[in-house]
Amino acid sequence: MPYVFYDTETTGVATAFCQILQFAAIRTDDNLNEIDRFEARCRLLPHIIPSPEALLVTGISPEILTDPGLPTHYEAVWEIRKKLVEWSPSVFIGYNSIAFDEELLRQAFFQTLHPTYLTNTNGNQRSDAMRIAHSTHIYQPNTISIPMDDKGKRTFKLDQLAPINGFDHSRAHDAMADVEATIFMAQMVKDRANGIWNSMRRFVNKSQVLDYVMKEPCFSLSERYFGRMYSWLVTYCGRNPDYDSQLAVFDLNFDPDEYLSLSVGELVKVLGKSPKAIRAVVANRQPIMMPPEAAPEETKALAVPVEERNRRIEVIENDRPFMNRVGEALSQRFADREVSPHVEKRIYDGFPGRADQALIEHFHEERWDNRINLIEQIQDARLVEFANRLVYFERPDLLSDRMRRDMDDWLANRILTEDTSVPWMTVNKALAEVEEQLETSDGERVNFLGEIRDFLMVRPQQLSVG
């Protein structure tokens, strides 16, 4: 299957409340030979205030942010989606993409009324080159060089990892350059650690992950937390009945006899405790899994005698009621989570109904003056809010005077609120960030921060708010 390597440059790191400014992708064959490439940029959305720190990283100037020659966010997302659908089915892969870039892409689709889950539906699969680098470091060390950060810890940041392994990454944080760096690192692993590459390639397939976790008596599971790699010897112990991609595994460093009689409520608490006796594995997030004999020597369960580990596995395998309760615990552990007051955070609060899906598909095909009538027929409140925003951003002249005033008030409150607890960047928070950055900056960096500050000061006037 072909690969689509992709990367984004954005206005910040809060994926629900920032936007893509640059998107780049390269399509390759299964041997990572380039077939095609695509790039898109867009203007800043009216309600988005960029993080000065993000602009310092990407080098995207205020002048570029508001360049009238660039497409709007809606226009750019439409083109991105068109190209990715054209390239499907493929394995979509970035660097730290499952945790970050893919969330941004999903939000971009969600907030522009497109189907959200492009990268893992209709035959598409998803992978993450950072997870592949993690796996290589754990299970075939010294295959790739891993740099150290200023605190003496190993870092997997692409702008440091690629150069130390021989890639000229002088254009780091340009989306296309980062895609090229990701392909470079992927090719290195594929050439030097083909067994790791093939194993991780296998686990982009959800059904392969489910089969492995549920049928292997024991395996090594690995993850990176807070700058450190951890591995556990685990065995399958349950499945979420409401989300079939989520499985539970039991850490064989613990004695299951202490957990077998626990109620669902007690098991919910166990899932939230640390150290974890029971861990969740999500089948469509490319978990790092290897045979037990490959487990790193520091894996704690290796200190448990083999006979005792086998007994623990057998005890769990033979207790189906326990597995069922663990599955129920997975289902219930976030049951009391409150619905977010922010529509952007409700991306995973259910799928739109079929009628709404048909309406939003039709929405993109209609002239703007006909889309107003379609909005009135949409039932999902999330989609209604985003649809009204799109009209306000793209064709405010089509709104009634009352709706225009309401949207102006929303925009002013959004960017000018003095409430520092809101989860998005505001003008005041961004100005404070500029001042903080200036304290430790010099040279051209100071000049660039001055440009950002000037932009932030006039942005409300540009938008006719405040």
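Biologist: What gives the most to the lining of the second largest cavity?

Modeller: α7 does, with 4 residues; helices are DSSP runs of H or I of at least four residues, strands are runs of E of at least two, and both are numbered from the N terminus. Bear in mind that this is a predicted model, where local features need pLDDT of at least 70 and side-chain atom pairs count only at pLDDT 80 or more, while totals for chains, interfaces and linings use all residues. Residues are numbered from 1 along each chain as its sequence is written, and side-chain values use heavy atoms, with hydrogens and water left out.

Biologist: What makes Ile93, Thr182 and Trp197 part of the lining of the second largest cavity?

Modeller: They line it because each has an atom within 4 Å of one of its points, on a 1 Å grid over the protein atoms alone where a 1.4 Å probe fits but cannot get out. Others in that lining include Ala129, Ile132, Ala133, Met185, Ala186 and Val189. The elements giving two or more residues are α5 (129-139) and α7 (175-192). The space comes to about 60 Å³, a volume being what is filled by probe spheres set on the points, which are joined across faces, edges and corners.

Biologist: How many residues of that second lining are nonpolar, polar and charged?

Modeller: There are 10 nonpolar, 1 polar and no charged. Thr182 is the polar one, because Thr is not among Ala, Val, Leu, Ile, Met, Phe, Trp, Tyr, Cys and Pro (nonpolar) or Asp, Glu, Lys and Arg (charged), and the others, Gly among them, count as polar.

Biologist: And the largest cavity: which residues are closest to its centre?

Modeller: Leu45, His47, His73, Gln107 and Gln111, out of 21 lining residues. Its volume is about 180 Å³, and its lining has 12 nonpolar, 6 polar and 3 charged residues. Two or more residues each come from α3, α4 and α15 (381-394).

Biologist: Why is α3 called roughly perpendicular to α4?

Modeller: The axes of α3 (residues 73-86) and α4 (residues 97-111) come within 10 Å and cross at roughly 115 degrees. That makes the pair roughly perpendicular, because 65 to 115 degrees counts as such (under 35 is roughly parallel, over 145 roughly antiparallel, the rest oblique).

Biologist: Which residues make the contact?

Modeller: His73, Val77, Ile80, Arg81 and Leu84 of α3 meet Leu105, Ala108 and Phe109 of α4, with contact meaning heavy atoms within 4.5 Å. By class, that is 6 nonpolar, 1 polar and 1 charged.

Terms used. Axes are lines fitted to C-alpha atoms, for helices over the stretch in contact, and angles run from 0 to 180 degrees between N-to-C directions. On a 1 Å grid over the protein atoms alone, a cavity is a set of points where a 1.4 Å probe fits but cannot get out, and a pocket is an open set with protein on both sides within 12 Å along at least five of seven lines; lining residues have an atom within 4 Å of a point.
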